[in-house]
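Reader: I would like to go through this model piece by piece, with the reasoning given each time. Please begin with a single residue and then move on to the helices.

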Amino acid sequence: MFAAVDLGSNSFRLHIGEPAGGRMHIVRTARDPIRLAAGLDADNMLSEAAMRTAIRCLQEFRKILDEYQLDAVRVVATNTMRVANNADLLLPLAENAIGHPIEIISGEEEGRLIYMGVARAIERHDERRLVIDIGGGSTEVIAGTGSDIQLVESFGIGTQPQTRAYFPDGRITAHNFDAAVTAARARFEDAASLYHVQGWDIAYGSSGTMRAISEVICRNEIGDCTVSLASLHALRDILIGLGHVDAFVLPGVKRERVPVMVGGLTVLIGAMQELKVGQLTAINAGLRLGVLSDLELRANRRDRRDAAIRACMGRFRVDSGRALRTVGIATTLFERLQPQGDTHRPYLAWSAMLHEIGLAISMSGAHKHGAYIVEHADLGGFTTREQRMLSTLVLGQKGNLRKIRESLVEADLAKAVLALRLAIVLMHARADDDIGGLRLRMKSRIEMDLPAELMRKHPTLAPWLEKEVQAWGEVGVAFQVR
């Protein structure tokens, strides 16, 4: 059983799901429309009131999570936490409130997870689809076929900024509405041609705002009763005729959500006009189902982070043969170091796969270039914290260790750094086939026992190991080679 918590700009939501029979069955949901994005001021600072509301909600969510025996929990935060300049103040308080780490995911990662959720709900493996998700602070547009994503982009436009900019006092005029749509079109204009090249057979709308718009159109028989441009324009005319959000009393949307719907409607019309989408289908699937599906994949050892690493290697033309040799040596040495837990094993392997990625920029300082790429690259499935860990390992693969001294305090991470550095040394010396008799220990100091035959066959090992002894000595760790 898995739990997904979505800290969105409009609402915080929780899903608890249990996979069975190839489907994800939702056994518990919770939602709190806290309107986090509304708590941002002109300088993108969250108000204290908004932060208190967020913490209170997460404390309630924690009570729900504690009722279940869960195999994994993932908490993701989206656009408002991405742009809030004081998110670092809220984050530790929020993590303490819910009792789990919180990942502030990129817009692209949000889009991928949204698509995963839609693909899980619609198991048509050859269907070419476009997915549009209009959130409180951003809009994600994804094109794909079946479960495969071809294009994902996150646009910095959502319901809250649209409502705040064009309908601040709740009044709805033709001038303001059309200005809001024009502004939305400008956001999607440059990317539209990329989606036209991909093409699609059917378009879906996956957000709560999208479903609210669909519900209003359907229940009130507006336009052609579908989410088409004709129906959206008919709904626009009704809103302009009413003149104010408080006057909208049609069934299908709660009164407090009407301002959100109005802002979302302007974004949806702008997106559909620029992308040339005549009609879409609202679907009750998206980010949370995607997070649950991702957790299930990880539990079944089908981790999409592996695919992201391979794609990154291809993008930067990494020598896969050398990378795989390094992975093999590094993981062998790491096991001999007897780590306390399993946490660092996959990160060691992934960093070994990417350790030469910086060569795409230059030979000089390749480990520094590689560390920067790994930390800032768009690696689907990885959190910011995970990419920083990979970056630390890639940066620490050679040269002095003072640059990652603080990270070496964590025993298993220090062992991973040692394993990667020695793996690269052995790989360069072409000694990776002769390490059966190599003994390695790391406690208060590092001890390495090398068979005499290994040193005789690979004479270049000696100068490499002398550099290692010096590097570890500079951070206060004695390294003895016998």
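Reader: Leaving aside its neighbours within four places in sequence, which residues is I26 in contact with?
Author: I26 sits in strand β3, residues 23–32; strands are DSSP runs of E with at least two residues, helices are runs of H or I with at least four, and both are numbered from the N terminus. Contact means heavy atoms within 4.5 Å. With its neighbours within four places in sequence left aside, I26 is in contact with H15, I16, G17 and L292.

Reader: What pLDDT does the protein chain average?
Author: This is a predicted model, in which local features need pLDDT of at least 70, side-chain atom pairs count only at pLDDT 80 or more, and totals for chains, interfaces and linings use all residues. Residues are numbered from 1 along each chain as its sequence is written, and side-chain values use heavy atoms, with hydrogens and water left out. The pLDDT is the predictor's confidence in each residue, from 0 to 100. In the protein chain, 100% of the residues score at least 70, and the average is 92.

Reader: In which strand is confidence highest in the protein chain?
Author: At the low end is helix α18, residues 452–457, with a mean of 84. At the high end, with 97, is the strand of residues 2–7, β1.

Reader: Is I26 buried, exposed or partly exposed?
Author: Buried means under 20% relative accessible area, exposed over 50%, and partly exposed in between, with a 1.4 Å probe and protein chains only. I26 has a relative accessible area of 38%, so it counts as partly exposed.

Reader: How many Å separate the C-alpha atoms of I26 and H355?
Author: Along the chain, I26 and H355 are 329 residues apart. The separation of their C-alpha atoms is 40 Å.

Reader: At roughly what angle do the axes of α14 and α16 cross?
Author: Two packed helices are described by the angle between their axes and the distance between the axes. Axes are lines fitted to C-alpha atoms, for helices over the stretch in contact, with angles from 0 to 180 degrees between N-to-C directions. For α14 (residues 345–354) and α16 (residues 384–395) the axes come within 9 Å, and the crossing angle is roughly 60°.

Reader: Are α14 and α16 parallel, perpendicular or oblique to each other?
Author: Angles under 35 degrees count as roughly parallel, over 145 as roughly antiparallel, 65 to 115 as roughly perpendicular and the rest as oblique. The contact is made by Y347, L348, W350, S351 and L354 of α14 with E386, M389, L390, L393 and V394 of α16. From their crossing angle, α14 and α16 are therefore oblique.

Reader: How many residues of α14 are buried?
Author: The buried residues of α14 are Y347, L348, A349, W350, S351, A352, M353 and L354. What covers them includes α12 (304–315), α13 (320–336), α15 (366–376), α16 and α17 (411–428). Helix α14 is thus largely enclosed by the rest of the structure, because the buried count, out of 10 residues, is 8.

Reader: What is the relative accessible area of E356?
Author: E356 lies in the loop between α14 and α15. Apart from neighbours within four places in sequence, E356 is in contact with R322, M427 and H428. E356 counts as buried because its relative accessible area is 13%.

Reader: What is the relative accessible area of T209?
Author: T209 lies in helix α8, residues 208–219. Not counting residues up to four places away in sequence, it touches N10, I134, T159, R257, V260, M261 and G264. T209 is buried, because its relative accessible area is 3%.

Reader: How many nonpolar residues does the contact of α8 with α10 have?
Author: The axes of α8 and α10 (residues 258–275) come within 9 Å and cross at roughly 95°, so α8 is roughly perpendicular to α10. T209, M210, I213 and V216 of α8 meet V260, M261, G264, L265 and L268 of α10. Ala, Val, Leu, Ile, Met, Phe, Trp, Tyr, Cys and Pro count as nonpolar, Asp, Glu, Lys and Arg as charged, and the others, Gly among them, as polar. By class, this contact has 2 polar and no charged residues, and the nonpolar number is 7.

Reader: What is phi of E221 near?
Author: E221 is in the loop between α8 and β10 (227–228). E221 is exposed because its relative accessible area is 63%. Its phi is positive, in a residue other than glycine, and is near 50°.
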